[in-house]
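Biologist: Let us go through the labels attached to this model. I want the reason behind each one.

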Amino acid sequence: MLQVAVVGSGPSGVYAAQTLVQQDRVPDVRVDVLDRLPCPYGLVRYGVAPDHEKIKSLQNNLRTVLEHERVRFLGGIDIGPGTLPPDRLLGLYHAVVYCVGAAADRRLGVPGEDLPGSHSATDFVSWYSAHPDVPDADGFEQDGFVRGVESAVVIGVGNVAVDVARMLARGVTELRPTDMPDAALGVLAGSRVREVHMVGRRGPSQARFTTKELRELGSLPDTEVVVDPVELALDPAYVEPSGLPAASRRNVEVMRGWAERPARGLARRINLRFFLRPVSLAAGPAGHVAGVRFERTLPDGHGGVTGSERYEDIAAQLVLRSVGYRGVPIEGLPFDPERGTVPHAAGRVLRDGAPSAGEYVAGWIKRGPTGVIGTNRPCAKETVLSLLDDAPALVRRDVPRDPLAGFRAAGLRPVQWSGWLAIERAEAELGRSLGRGVVKIPDWAGLRAAAQGAGD
Ligand code: NAP
């Protein structure tokens, strides 16, 4: 028997588990999928926007894997020096696959970045997704993100920027049927945001969002997308898009359609801006963010931009910095701080340049925070194929038949699948009591109490 721990139950972790139990090269593989949270599915639960029900329904596919007879979900397991460091975890299994994603956000590195009212998009996403690590006592709830906000700036033009811009423009009738926590729904219901400025430092042909997500912005009720044809035309590839990759060409065509459409005077506007790089965030008299200063950039002919020393200020009472995620090191595992990833060769963790027996990575912590959910499938497969190649040597090492005792000895109390099912039931019950569908429980205490309902 080959016993494997997969750390992280997001798409890359679940796809790694699936590949392990569906192959027939190595018989009788047992997989424990561990997660720090008592809830599975990683960014599918805590990153995919609540109004994207179709993508969220991917949870059903992931669930089938976690309910496989040779897969076991163990939540509430935090791997690290205070609990179970990587070397001790490896003592419990023949192999460990780290699929821990990229939990932090990249920094802008400009003055004013940390002013009140300036948040990373990841914090905003975590808040409306009910991530239990988002503190509701230290400011987010009081600040309420959108309270008193009429104009918001979103920095970055990737899919997360599109998600947060769309969530800012959604009305309560569209948000109420989602599973977002009731407190966040209440705050967004009171939103008076009228202007959302989504700002890219390069041109429209270089935006990172995907066309489906971009197009969706144009079909939001009471909201119009505004682009400036003169600004778009600063990008030579916008003027002559024939040489662009298909995805960028489609984006450009969507924006051209908006540029040619007359203004409709709708209640809310999403202003899509380009060739503006953030220089600083300014505070108002009360110390809260009041706007962002951008420098006009110009294409340098090589895919980058140069500064022009011309500046534009955009007033905003909320700034969401959506400039990408960043991997976080796990103490006891090697880490490349430049790339924010664990060094690896075909998924094998490299320690001092040499593969470390039994340690693997997949997903964002392996390749960086890029790609859509499906990109994790081939990524996980590559890693698992390396693991299976190594399996004959790995199984020679004795490991405990059931690692649960090892977790308990480390002071950890795993939340088993029945605990997660109890959380699901509690969330359905919470929704019923509020006259809504399923509503997520947003705090650790609530999740723990619900999981204990399973009696594990
Ligand atoms: P992303 O796609 O890497 O986009 C980051 C954006 O931030 C880019 O526009 C980038 O511009 C900009 N940026 C970076 N540093 C900057 C700086 N210092 N100043 C100004 N702008 C800066 O990241 P993401 O939006 O966080 O998405 C992460 C991954 O999740 C992506 O693969 C995305 O497709 C995926 N995702 C998918 C969905 C979906 O499928 N619906 C939803 C959410 C996320 P440059 O290009 O100039 O660097």
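What follows is a short exchange on helix packing, cores and a few single residues.

Modeller: One point before we start. This is a predicted model.

Biologist: Why is helix 1 called oblique to helix 16?

Modeller: The axes of helix 1 (residues 11-22) and helix 16 (residues 376-394) cross at roughly 45°. Angles under 35 degrees would count as roughly parallel, and 65 to 115 as roughly perpendicular. The value falls in neither range, so helix 1 is oblique to helix 16. The two axes come within 8 Å. The crossing of helix 1 over helix 16 is right-handed.

Biologist: Which residues make that contact?

Modeller: Helix 1 brings P11, S12, Y15, A16, Q18, T19 and L20. Helix 16 brings N376, R377, A380, K381, V384, L387 and L388. By class, the contact of helix 1 with helix 16 has 8 nonpolar, 4 polar and 2 charged residues.

Biologist: What makes helix 1 oblique to helix 4?

Modeller: The angle again. Helix 1 and helix 4 (residues 58-66) pack at about 45°. Oblique covers what is left outside the parallel, antiparallel and perpendicular ranges, and that angle is outside them, so the label holds. The axes are 9 Å apart. Here helix 1 passes helix 4 in a left-handed crossing.

Biologist: What meets what between helix 1 and helix 4?

Modeller: V14, Y15, A17 and Q18 of helix 1 meet L58, L62, V65 and L66 of helix 4. That contact counts 7 nonpolar, 1 polar and no charged residues.

Biologist: How do you know that helix 6 is largely enclosed by the rest of the structure?

Modeller: Count the buried residues. Buried means under 20% relative accessible area. In helix 6 (residues 121-128), 7 of the 8 residues are buried, so helix 6 is largely enclosed. They are A121, T122, F124, V125, S126, W127 and Y128. After helix 6 comes A130, with a positive phi near 65°.

Biologist: Why is helix 6 called oblique to helix 8?

Modeller: Their packing angle is about 55°, with the axes 10 Å apart. Perpendicular would begin at 65 degrees and parallel would need under 35, so helix 6 is oblique to helix 8. The crossing of helix 6 over helix 8 is left-handed. A121, F124, V125 and Y128 in helix 6 meet V160, D163, V164, M167 and L168 in helix 8. The classes are 8 nonpolar, no polar and 1 charged.

Biologist: Which members of the largest nonpolar core touch the most other members?

Modeller: F124 and M198, out of 50 residues. Helix 8 (residues 159-169) gives the largest share of this core, 7 residues. Apart from it lies another core, of 43 residues, among them L2, V14, Y46 and L387.

Biologist: What does M198 contact, leaving aside its neighbours within four places in sequence?

Modeller: V154, G156, V157, A161, V162, A165, F209, L217, N271, L272 and R273.

Biologist: Is E295 buried or exposed, and how do you know?

Modeller: The relative accessibility of E295 is 8%. The cut-off for buried is under 20%, so E295 counts as buried. E295 is placed in strand 12 (residues 289-299). Beyond four places in sequence, E295 touches F275, L276, R277, V279, G307, S308, E309, R310 and Y311. E295 and S308 are 13 residues apart in sequence and 6.9 Å apart in space, C-alpha to C-alpha.

Biologist: Why is E309 called exposed?

Modeller: Exposed means over 50%, and E309 has a relative accessible area of 66%, so E309 is exposed. E309 is found in strand 13 (residues 305-315).

Biologist: What is the phi of E309?

Modeller: Positive, about 60°, although E309 is not a glycine. Most residues other than glycine have a negative phi.

Biologist: What makes D352 exposed?

Modeller: D352 has a relative accessible area of 85%; the cut-off is over 50%, so D352 is exposed. D352 is found in the loop between strand 17 (348-351) and strand 18 (354-361). The phi of D352 is also positive, about 50°, and D352 is not a glycine.

Note on methods: Residues are numbered from 1 along each chain as its sequence is written. This is a predicted model: local features need pLDDT of at least 70, side-chain atom pairs count only at pLDDT 80 or more; totals for chains, interfaces and linings use all residues. Side-chain values use heavy atoms; hydrogens and water are left out. A nonpolar core is a set of buried Ala, Val, Leu, Ile, Met, Phe, Trp, Tyr and Cys residues joined through side-chain atoms within 4.5 Å. Buried means under 20% relative accessible area, exposed over 50%, partly exposed in between (1.4 Å probe, protein chains only). Helices (H or I, at least four residues) and strands (E, at least two) are DSSP runs, numbered from the N terminus. Contact means heavy atoms within 4.5 Å. Axes are lines fitted to C-alpha atoms, for helices over the stretch in contact, and angles run from 0 to 180 degrees between N-to-C directions. Angles under 35 degrees count as roughly parallel, over 145 as roughly antiparallel, 65 to 115 as roughly perpendicular and the rest as oblique. A crossing is left-handed if the near helix is turned anticlockwise from the far one by less than a right angle, and right-handed if clockwise. Ala, Val, Leu, Ile, Met, Phe, Trp, Tyr, Cys and Pro count as nonpolar, Asp, Glu, Lys and Arg as charged, and the others, Gly among them, as polar.
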